[in-house]
Amino acid sequence: MADPPQVHVPSLSDIEAARARLGDRVATTPIHVWRGPEIVEAVGAETEVVLKLELWQHTGTFKPRGALTVMQSLDADALARGVTAVSAGNHAIAVAYAAKILGTSAKVVMTKMASPYRKEMCRRYGAEILLADDVQAAFAMVKEIEAAEARSFVHPFEGPNTALGTATLGLEFIHQAPQLDAVIVAVGGGGLAAGVAAAIKQARPSCLVIGVEPEGADTMSRSFAAGRPVSIDKVRTIADSLAPPHALPYSFAMCRRFLDDLVLIDDDAMRRAMALLFREMKLAVEPAGAASTAALTGPLRDRLRGKRVGVIVCGANLDAAGFTRELMAAEMAA
């Protein structure tokens, strides 16, 4: 397999400076050592599980870190013209939040199938929402907005500034829990994993960083196998936050360079992990937010037995009905 292309990698000093620029616009989310009979039964008493509670970030996910870092890099004129974005929900919400606190406007494109709850969150932050039939149509609509209104496009996962923003999460986590042996991070387009892994592997090279993808949206796994970014024909997962139709060069190259491994989980595993986090940690997370827990209690259980394992709980933007539906499906499958 060919080596990934060379890309700019943010240094630890770059990441620290980015975090300082974000200031209190981004929360320093807490960690929690997860101890309880169910997690002990699932992974073994000798394994220490440390949760990074990024679901308590502003807007409910890690996404403001990247969106704000991108938008803070715009000059005054570009920022004044506003921004646009395409998203299943979480990125759109983060862009709307960032636009509001930076004093500009956001016009975001979401698919018609996007969660009404997430659409309402966007509106509450002041964004204008346009709806497209599918992801391909949404990206086309965003290009039209860029051309017609000279708005800056804030990509949901690709680019150095996005990874620089998500790297602040990785560095924050390793500062809070410096003795971690491994960190598990969800992979969608790869923007989160790229930044988190780059920060952790530079700050603590011995710490494993393992990505986790849904089987029904295994774009990065297929890209690793092909040695280049590839697309998938159809997304088949409940984790819409981890379901881009393609990988892209920068995030692919960063993930190839810094991830130690990439594992796959199915939807039922995410549902079981959602239920476990709810029962024992009292956390109501979306499927993507449970992906790392699903990997730890599944394909990584034996490999990481006896280790100090960091688990990033990356988001929780799911309405009550949707959350209940997935928990009921988990119970029926048990």
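This is a short talk on helix packing, salt bridges, a buried helix face and a parallel sheet in one predicted model.

Hi everyone, and thanks for coming. Please keep in mind that we are looking at a predicted model.

Let's begin with two helices. Packed helices are described by the angle between their axes and by the distance between those axes. Here the pair is α1, residues 12-22, and α8, residues 160-176; their axes lie 9 Å apart and cross at an angle of about 100°. Angles from 65 to 115 degrees count as roughly perpendicular, so that is the label for α1 and α8.

If you have the structure open, have a look at who touches whom. From α1 the contact takes in Leu 12, Asp 14, Ile 15, Glu 16, Ala 18, Arg 19, Arg 21 and Leu 22, and on the α8 side you will find Leu 164, Ala 167, Thr 168, Leu 171, Glu 172 and His 175. Sorted by character, the residues of this contact give 7 nonpolar, 5 charged and 2 polar.

On to the salt bridges. How many does a search of the whole structure find? The total is 22, and I have picked three to show you.

The first on my list joins the side chains of Asp 268 and Arg 271, with 2.9 Å from N to O. Both residues sit in helix α12, residues 267-281, and because they are 3 residues apart, about one helical turn separates them. Is each partner buried, exposed or partly exposed? Asp 268 has a relative accessible area of 31%, so it is partly exposed, while Arg 271, at 15%, is buried.

Next come Arg 301 and Asp 302, whose side chains form a salt bridge at 3.9 Å, N to O. Asp 302 is exposed, with 54% relative accessibility, and Arg 301 is partly exposed at 32%.

My last pair is Arg 325 and Glu 326, bridged at 4.0 Å, again N to O. Glu 326 is buried, with a relative accessible area of 9%, whereas Arg 325 counts as exposed at 51%.

Some salt bridges also share partners, and in this way Arg 19, Lys 52, Glu 54, Arg 65 and Glu 172 are joined into one network. You have met two of these names already: Arg 19 and Glu 172 were among the residues in the contact of α1 with α8.

Let's turn to helix α10, residues 219-226. Which of its residues are buried? They include Thr 219, Met 220, Ser 221, Ser 223 and Phe 224. Among the elements covering the buried residues of α10 are β8 (208-214), α11 (249-258) and β9 (261-265). After α10 comes Gly 227, with a positive phi near 80°.

Finally, the sheet. It is open, has 4 strands in the order β5-β4-β3-β6, and pairs in the parallel sense. The edges belong to β5 (128-132) and β6 (152-153); each has a single partner strand, so one side of each has no neighbour in the sheet.

Further in, β3, residues 83-86, pairs with β4, residues 106-111, in the parallel sense over 4 bridges. To find your place there, look for Ala 85, which stands opposite Val 108 in β4. Helix α6, residues 116-124, lies across β4 and β5 and runs at about 175° to β4. Angles over 145 degrees count as roughly antiparallel, so that describes how α6 runs relative to β4.

That's my tour; I'm happy to take questions.

How values were computed. Residues numbered from 1 in each chain as written. Predicted model: local features only at pLDDT ≥ 70, side-chain atom pairs only at ≥ 80, totals over all residues. Heavy atoms only, no water. Axes fitted to C-alpha atoms, helices over the stretch in contact; angles between N-to-C directions. Helix = DSSP H or I, 4+ residues; strand = E, 2+ residues; numbered from the N terminus. Parallel < 35°, antiparallel > 145°, perpendicular 65-115°, else oblique. Contact = heavy atoms within 4.5 Å. Nonpolar A, V, L, I, M, F, W, Y, C, P; charged D, E, K, R; others polar. Buried < 20%, exposed > 50% of the residue type's maximum accessible area, 1.4 Å probe, protein only. Pairing = 2+ DSSP bridges.
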